[in-house]
Amino acid sequence: MAKANQQKGINKEMFLARDLFDDKKLKQVPTRNGYGEGLVDAGIANKNIMVLCADLTESTRTQAFKDAFPERFVQMGVSEQSLASIAAGMAISGKVPFISSYAAFSPGRNWEQIRTTVALQNSNVKIAGAHAGLSVGPDGATHQMTEDIAIMRTMPNMTICVPCDYQETKKATLTAAKFKGPFYLRFTREKSPAFTTEATPFKLGRAETFRFGTDVTIFAAGPLLYEALVAAENLSKEHGIEARVINAHSIKPFDVKALITAAKETGAIVTVEEAQVNGGLAGVVAETLTLTTPVPMERVGVQDRFGQSGDPREVQEALGVTAPFIAMAVARVLDRKAGKPVSAIPMHVTAAFELETKMKKQIFEDAIKRAPKKWKR
Amino acid sequence: MPNLTIGPKVRKPLHLHDRELKKLELRAQAMREDLIDMLVEAKSGHSAGPLGMADIYTALYFHIMTHDPKNPDWELRDRLILSCGHTVPIRYVAMAHAGYFPKKYMNTLRKFGSPLQGHPEKEWLPGLETTSGPLGSGSSQAVGMAYTGLLDRKPWRVYCIMSDGELACGQTWEAMLFAGRNNLYNCTFIIDRNNIQIDGTTEEIMPLEPLTQKFESFGMNVLHCAGNSIRDFVETVERAHAVTEKPTVIIADTIPGYGVDFMEYDFSWHGKPPAPGDERNKAMASLRTLGGRIQSEHE
């Protein structure tokens, strides 16, 4: 076996933040900020970059681009369907349009327009889906887009990237600007750990190993990658389990080689994502594993259900996508790897359901108790 | 041909006596105050639109609509479809006042486990009719209900509240084409014409005017009213009910943030709540006197 395979712990060559596990020192920055900054840099480098926005300039962070290049910014109003096709028309005429909205609306609402006028025509349109995943929090299920990875990855000609933090979103935005062809970039609303640095390698189609391990491999996409690192660190400290953690930002093209290597070397895979496991990153990994190197696999993500209103962290916990649930999934996949019997429904699913039931009652009742007197009559 | 024989069997006349009007106005006032406290507690949510719509919701829930808060699925109820889901807080307040759920639930808006989801979800709260948030699909659903109502010769009416910003959605106009073709006169669209959306004024972002002619060319009967005058709104609805050849669009000119002087006309208040403490108190003080325009009669 090669030397790298036996390594444990954080991969130094990834140049992750120095205060990786220091809650107080590690900076929290929304990934959407990376998109906003990346757009301005891309706009400086290429005069053909355009930004089209559907009445969400500030929250998708396209305001900075608008200020820097007012003539290359197009306000569409609330019309996501023509947003996609107008961008396609511009792309056919030589521009490189980025279309910005919430993922629930674009690609949620304009999927067919993207399919025909962007993907099928192979137009050079970049779709930026902001506010994806559960962490939109209080806005509720209507705005918590969890199906986007699944609906986009079935589309031929589409490239999909799910960056893990602010820096990586910036890099992904610049990569999208240089890339020729349809590109879906998925990012989030809330602040999340800024744990990669400018020096952290980023290449489309390449899954980087953020943590070495030999017992199991966790493939994670998006800000939850940080949760995977936390889970891996705890598993190492508390149970001596060494989990390899891989940044699977490129959903499509997917780094098949990294997956096969991980399957062969660690014999167990766990996927982590803030999206529907059906058809999401879990879909890519399951399909690839079945066709190449079948090994036990577990899926952490949204389990065929919708989200709900609540504080972003509460929603993530209640839907079972945080570090403790990743650890449960790892325990289960290791049991399966060892040939031990496991429960029909995974514990990371049942435990989340129990927590959700408890939280629902508790948070709701607490709020009622605090209701002003005038509402208690 | 539309079925013109349907009579409103369970409907009371809409004529508004001065005494009733006074009561409704006080109700709208109290609802605005509750709205502010609700948003302050939720720490997120939309302020301007809901404040501007308080009078229309008061008129609908407490005077115009035939409905039963204790039986939200009552077959004969009028249907109120909220297309612009983000303004739902004022609908929640109206529903609490009407008795759909205890008032103390207002303290749970947008919290984990609350039936008062950030955007309205029918699976969470009976009486909402539809789930909305992503804009533009309410009018189509209203049209579907109205079509069913005429088809099955039902006496109920459909009211659909839409924002002006969402008129940029193509789907709205697809619904209008259908409503016009099928003469869905049992359907009344109420446009919250407050001229603002998230990024600015509607006429800057994507001009809608001349809006009246747009709707008329789609086969609508278009009426106008002052959206912050309960009497004007009720009378306009009465006129809408009198028309049986076409669906009616009521363009209700509302003032965003109505009643809170520092929010009025300001699009930056579209999507945020007042802060607790000073800002909340200032908003309350402004509401109780309507910026000095009226004398407060309570508290």
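Two strands count as paired if DSSP finds at least two bridges between them. With that criterion in hand, the tour below passes through a predicted model, beginning with chain B.

**Stop 1: chain B as a whole.** Display chain B alone. Its secondary structure comprises 10 helices and 7 strands. The radius of gyration of this chain is 18 Å, close to the 19 Å expected from the globule rule for 299 residues, so chain B is as compact as a globular protein of that length. Aligned on its principal axes, the C-alpha trace of chain B extends over about 60 × 45 × 40 Å. Colouring by burial would mark 55% of the 299 residues of chain B as buried. Among contacts in chain B with a separation of 6 or more, 77% link residues 24 or more positions apart.

**Stop 2: strand S7 of chain B.** Select residues 248-253 of chain B, which form strand S7. Of the 6 residues in S7(B), 5 are buried, leaving the strand mostly covered. Next, add strand S6, residues 221-226 of chain B; S6(B) and S7(B) pair in the parallel sense over 6 bridges. Then add strand S3, residues 187-193 of chain B, which runs parallel to S7(B) and is joined to S7(B) by 6 bridges.

Which residue of S7(B) is the bridge partner of His224(B)? It is Ile251(B). Ile251(B) also stands opposite Ile191(B). Showing these side chains together gives a convenient reference for the next selection.

**Stop 3: the crossover.** Keep S6(B) and S7(B) visible and add helix H9, residues 230-242 of chain B. These three elements make a β-α-β unit that is right-handed.

**Stop 4: where the chains meet.** Bring chain A back into view. Here 37 residues of chain A are in contact with 32 residues of chain B. On the side of chain A that touches chain B, helices H3 (80-92), H10 (312-318) and H12 (347-369) of chain A each supply at least two residues. H12(A) gives the most to this side, with 7 residues. Coloured by class, the side of chain A that touches chain B shows 16 nonpolar, 12 polar and 9 charged residues.

**Stop 5: Ala286 of chain A.** Finally, select Ala286(A), which is found in helix H9 (residues 281-291) of chain A. Is Ala286(A) buried, exposed or partly exposed? Ala286(A) is partly exposed, because 19 other C-beta atoms lie within 10 Å, whereas a buried residue requires 20 or more. A distance drawn from the C-alpha atom of Ala286(A) to that of Gln362(A) reads 37 Å, the two residues being 76 residues apart along the chain.

Notes:
Residues numbered from 1 in each chain as written. Chains lettered and ligands numbered in written order. Predicted model: local features only at pLDDT ≥ 70, side-chain atom pairs only at ≥ 80, totals over all residues. Buried ≥ 20, exposed ≤ 12 C-beta atoms within 10 Å, placed from the backbone. Helix = DSSP H or I, 4+ residues; strand = E, 2+ residues; numbered from the N terminus. Right-handed = clockwise from strand over helix to strand, strands pointing away. Contact = placed C-beta atoms within 7 Å. Nonpolar A, V, L, I, M, F, W, Y, C, P; charged D, E, K, R; others polar. Rg over C-alpha atoms; globule rule 2.2 N^0.38 Å.
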